[in-house]
Amino acid sequence: EEIEKGGYPHFMLKEIFEQPRAIADCLRGRLDVENHSIQLGGLVDVLDKLVNAKRLVIAACGTSWHSGLLGEYLFEHLAKLPVEVEYASEFRYREALIDEDDVMLVVSQSGETADTLAALRTAKERGALTLGICNVVGSTIARDTDAGVYTHAGPEIGVASTKAFTTQVSVLAMMAILLGQKRGVLEKEYAARLIEELDRIPGKVEQILENSESIEEMAKLFTYAPNFLYLGRTYNFPVALEGALKLKEISYIHAEGYPAAEMKHGPIALIDEMMPVVVIAATDHTNDKMISNIEEVKARKGRIIAITGEDNEEVMDLAEFNCPIPETEDCLSPLLTSIPLQLLSYYIAVNRGCNVDQPRNLAKSVTVE
Ligand code: G6P
């Protein structure tokens with residue numbers, strides 16, 4: 001096992017640091033930067049149907065559901081395709097309306113999650129085209145879907161998902177760009193910019209990882225915080241949910257992720273000097289709104305940890321702690337903003353003496369219903 005950990009104290013840390021390579025593997029052979037095009041071999045046979053779909057339904061559980069939620073933002077923005085995101089467990093037990101005009105996309109690292117598999121089978125029975133984004137090659141979901149795209153992240157052993165998440169999001173971004181191009185709704189220059197930027201993501205993730213020590217230092221200050229709040233808007237709202245989930249899973253600290261604007265409908269009542277608030281402020285068009293949220297938190301003495309673009313001095317001046325990330329396109333920013341949050345939860349869990357790779361009560365793959 002020590003050999004498999006490749007010199008890292010935990011699989012989770014190894015997997016966090018593997019992300020530049022995992023994302024590069026996921027993009028390899030699929031991104032054609034010179035011609036500004038994307039090839040997803042697994043979708044070739046169903047592409048026409050996908051292009052003409054009326055609606056895409058995404059179903060998943062846990063971290064994969066957070067990727068799915070990001071998928072909604074990406075497909076709507078880049079491909080102008082209406083999307084519904086479902087917890088697989090809710091979809092399967094509800095009278096969900098789905099038929100042959102819809103496409104069902106399931107997202108699953110393991111490809112074995114029982115609820116996700118059941119949601120997929122329900123959609124199939126009702127005649128929908130079914131697609132999968134899986135990491136484990138040959139898994140049940142990968143075999144049962146009509147078509148799909150592998151994430152190629154390599155084996156993920158740590159129960160808390162890290163590289164599976166960023167590679168799922170990479171696949172979703174590629175799918176959304178490809179679909180936007182095929183549907184003729186994505187501006188040529190914008191598509192070109194996104195493809196070039198996707199190609200730079202592994203290098204930018206590397207840059208963030210080079211600063212891991214500053215997050216390790218910061219984690220020391222928050223090790224015994226009883227609660228955490230994570231706030232984000234648009235593309236970084238799912239990242240807020242994912243950051244909170246990571247902390248809960250491995251450090252057993254109660255944490256909630258919220259769309260920043262919803263803070264005033266409840267969580268603001270909890271804010272005092274004991275409450276660290278992680279603000280993910282890396283989306284340009286909502287920056288002013290995030291700044292007012294930060295001010296609202298500060299007025300109540302909450303402690304701000306900001307994950308923001310390295311040029312965003314306005315936010316950095318307001319925050320108590322900063323994790324600057326390289327600038328990127330708004331819709332790709334989750335691929336970067338999620339990294340400091342993984343590290344933060346990892347170091348806090350280690351400081352608390354938690355079993356990082358095998359947290360209590362959790363399983364890597366939930367094959368029971
Ligand atoms: C479990 C794991 C999570 C994972 C979820 C969905 O809860 O602990 O890390 O996100 O299942 O798993 P899947 O394999 O379908 O992505």
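**Close-up 1. Helix α14, end to end.** In this predicted model, the 18 residues of helix α14 (residues 334-351) ought to span 26 Å, because each residue counts for 1.5 Å. The C-alpha atoms at the two ends do sit 26 Å apart, so expectation and model agree. Most of α14 is covered up, with 16 of its 18 residues buried. Look just past the helix and you'll meet Gly-353, which takes a positive phi of about 75°.

**Close-up 2. An open sheet of 5 strands.** Here the strands line up in the order β9-β8-β10-β11-β12, and their pairing is parallel. At the edges stand β9 (254-259) and β12 (321-325); each has a single partner strand, so one side of each has no neighbour in the sheet. On average, neighbouring strands are turned by 15° against each other, ignoring direction.

**Close-up 3. Strands β8 and β10, with a helix across them.** Zooming in on the sheet, β8 (residues 227-232) pairs with β10 (residues 276-281) in the parallel sense over 4 bridges. One residue to pick out is Gly-232, whose bridge partner in β10 is Ile-280. Helix α12 (residues 287-299) lies across β8, β10 and β11 (303-309), and runs at about 170° to β10.

**Close-up 4. Around the ligand.** The ligand has 15 residues surrounding it, and the closest are Gly-62, Thr-63, Ser-108, Ser-110 and Thr-113. Which helix gives the largest share of this shell? That's α4 (residues 62-79), with 3 residues. Sorted by class, the shell holds 10 polar residues, 4 nonpolar ones and 1 charged.

Conventions: Residues are numbered from 1 along each chain as its sequence is written. This is a predicted model: local features need pLDDT of at least 70, side-chain atom pairs count only at pLDDT 80 or more; totals for chains, interfaces and linings use all residues. A residue is near a molecule or strand if its C-beta atom, placed from the backbone, lies within 6 Å of it. Ala, Val, Leu, Ile, Met, Phe, Trp, Tyr, Cys and Pro count as nonpolar, Asp, Glu, Lys and Arg as charged, and the others, Gly among them, as polar. The expected span of a helix is 1.5 Å times one less than its number of residues. A residue is buried if 20 or more other C-beta atoms lie within 10 Å of its own, exposed if 12 or fewer, and partly exposed in between; C-beta atoms are placed from the backbone. Two strands pair if DSSP finds at least two bridges between them. Axes are lines fitted to C-alpha atoms, for helices over the stretch in contact, and angles run from 0 to 180 degrees between N-to-C directions. Two residues are in contact if their C-beta atoms, placed from the backbone, lie within 7 Å.
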